[in-house]
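Work through these short exercises on aromatic rings. Keep the sequence and the 3D view open as you go.

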Amino acid sequence: MKKGITTAVRTVIGVGLLFFLIKAVGLSTIIAALKQLKVTALAVAIFLWVVGYLLGAVNIQLMFRPIKRSIPFRKTLKYYTFSWVSGMLTPARLGQLLLVFFLKKEGFKNGQAIVIQVIDRAITLLAVMLLSYLGLFLFFTKEQAVPIVILSAVLFISGCAILTWEPTRRILKGYILRRHATAFRGFSEALKAYTTAYPILVLNFVITITKTTMNALFIAVLFLGLNTRVNVVDIIVLYAVVTIISLLPLSINGLGLKEASAVYLFSMIGVDKGIAASTFILVTIINYMCTAAFYFYFISRKKESGQSNKVVSNS
C-alpha cells in the first residue's frame with residue numbers, strides 16, 4: 001500500500017514538473033519549435049539512440065567473461081530490455097535490478113548476477129560523474145562546484161570500498177543482511193574475479209563513454225532538426241549533469257527533473273528555452289517509444305515461440 005502511494009506521489013511530481021515546464025516555456029512556443037522538426041533528423045536520431053541502446057546490452061554481455069559464463073546475445077538484449085523498462089518505471093532506475101532475476105533464471109548464482117549489475121552500474125556512474133565534473137567547473141563557480149565534486153567522489157569511493165573490502169562485507173553479512181545473506185551467495189567469489197579483470201573493466205568504461213557519445217549525437221541531431229546547432233562536447237558534459245540530477249528519487253525515472261534541468265543548463269549556453277524544451281521532451285518520448293518497441297518485439301517473439309512449442313508437442 002505504502003509503495004503504491006509513494007509511486008503515485010512520484011508520478012504526480014514528475015508530471016507536475018513537466019506541466020510547469022511546458023507552462024513556463026509556453027505550449028505554443030514548444031509546438032512552433034516541433035513543427036520545424038525535419039523527418040530525416042528524427043530518423044537519424046532514432047538510429048543513434050538504437051546504437052547507444054545496443055551498446056548497453058553489449059556491456060552486460062561483456063561482463064559475463066570474468067566469471068566464465070555466457071548466454072546468447074539475443075537473450076541478453078531481451079533481459080536488458082525488460083530490466084530497462086522496469087527502470088523507466090521506478091525512481092533512480094532501481095527497476096534495472098530486475099536483470100538479476102533474469103540472469104538467475106539462466107543459471108547464474110545470485111551473487112554473480114548482483115556483481116555483474118553492480119559493477120556495470122558503478123562504471124556507468126563513474127563515467128557520468130567524471131563528465132558531469134567538467135560541466136560543473138565549466139558552467140558554475142569554483143565555490144559551487146568543488147563541494148559537490150568532493151561530496152560525490154567521497155560517496156562513490158566509500159561505496160566501492162564497502163563492496164570490495166572484506167571486513168566491511170563481513171559486517172554487512174553478519175549484522176545487516178543476516179538471514180538474507182544467502183541471497184548473495186557467490187558474491188565474494190565473483191567480485192574477486194572482476195578485481196583482476198582490468199581489461200574487461202577498461203573496455204566496459206570505453207564502451208560506456210562511446211554510448212554516452214552516441215546519446216550526445218542523438219540529442220545534437222534533434223537540435224539540428226530544430227535548426228539549432230549545439231556543440232557535441234557541450235551536450236556530453238551538460239547531459240551528464242542532467243543524468244546525475246535525474247537520479248534523485250523525486251520522480252519516476254527522473255521524469256520532469258531531466259527536462260527542467262536540461263532546459264535550465266542549455267539556456268546557460270545560449271540555447272533558446274523553447275528549442276531546449278522541445279528537444280528534451282522529444283528525447284523523453286523517443287526513449288519511451290523505442291524501449292516499448294523493443295519490449296513488445298520480445299513479448300511477441302515469446303508468444304510465437306510458445307505457440308510453436310505447442311504445435312510441436314501436439315504433433
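**Exercise 1. Which residues form one aromatic cluster with Y79?**

The model is a predicted one. Start at Y79. Its cluster also holds F82, F101, F102, Y295 and F296.

**Exercise 2. Classify the pair Y295 and F296, then assign each residue as buried, partly exposed or exposed.**

Step 1. Take the ring centres of Y295 and F296: they lie 5.3 Å apart. The cut-off for a pair is within 6.5 Å, so the two rings pair.
Step 2. Take the planes. They stand at 75 degrees. Over 60 degrees counts as edge-to-face, so Y295 and F296 form an edge-to-face pair.
Step 3. Turn to accessibility. Y295 has 27% relative accessibility and is partly exposed. F296 has 55%, so F296 counts as exposed, the cut-off being over 50%.

**Exercise 3. Find how many aromatic pairs the whole structure has, then classify W49 and Y53.**

Step 1. The search of the whole structure gives 18 aromatic pairs.
Step 2. One of them is W49 with Y53, at 4.9 Å centre to centre. Their planes are 15 degrees apart, and the pair is stacked.
Step 3. Locate the two residues. Both are in helix 3, residues 39-62. They sit four residues apart, about one turn of the helix.
Step 4. Check burial. W49 has a relative accessible area of 5% and Y53 has 3% relative accessibility. Buried means under 20%, so W49 and Y53 are both buried.

**Exercise 4. Where does R69 lie relative to F108?**

R69 lies over the face of the F108 ring. The distance from the ring centre is 4.6 Å.

Conventions:
Residues are numbered from 1 along each chain as its sequence is written. This is a predicted model: local features need pLDDT of at least 70, side-chain atom pairs count only at pLDDT 80 or more; totals for chains, interfaces and linings use all residues. Side-chain values use heavy atoms; hydrogens and water are left out. Rings of Phe, Tyr and Trp (its six-membered ring) pair if their centres lie within 6.5 Å; planes under 30 degrees apart count as stacked, over 60 as edge-to-face and the rest as tilted. Helices (H or I, at least four residues) and strands (E, at least two) are DSSP runs, numbered from the N terminus. Buried means under 20% relative accessible area, exposed over 50%, partly exposed in between (1.4 Å probe, protein chains only). A charge sits over a ring if NZ of Lys or CZ of Arg is within 6 Å of the ring centre and within 35 degrees of the ring normal.
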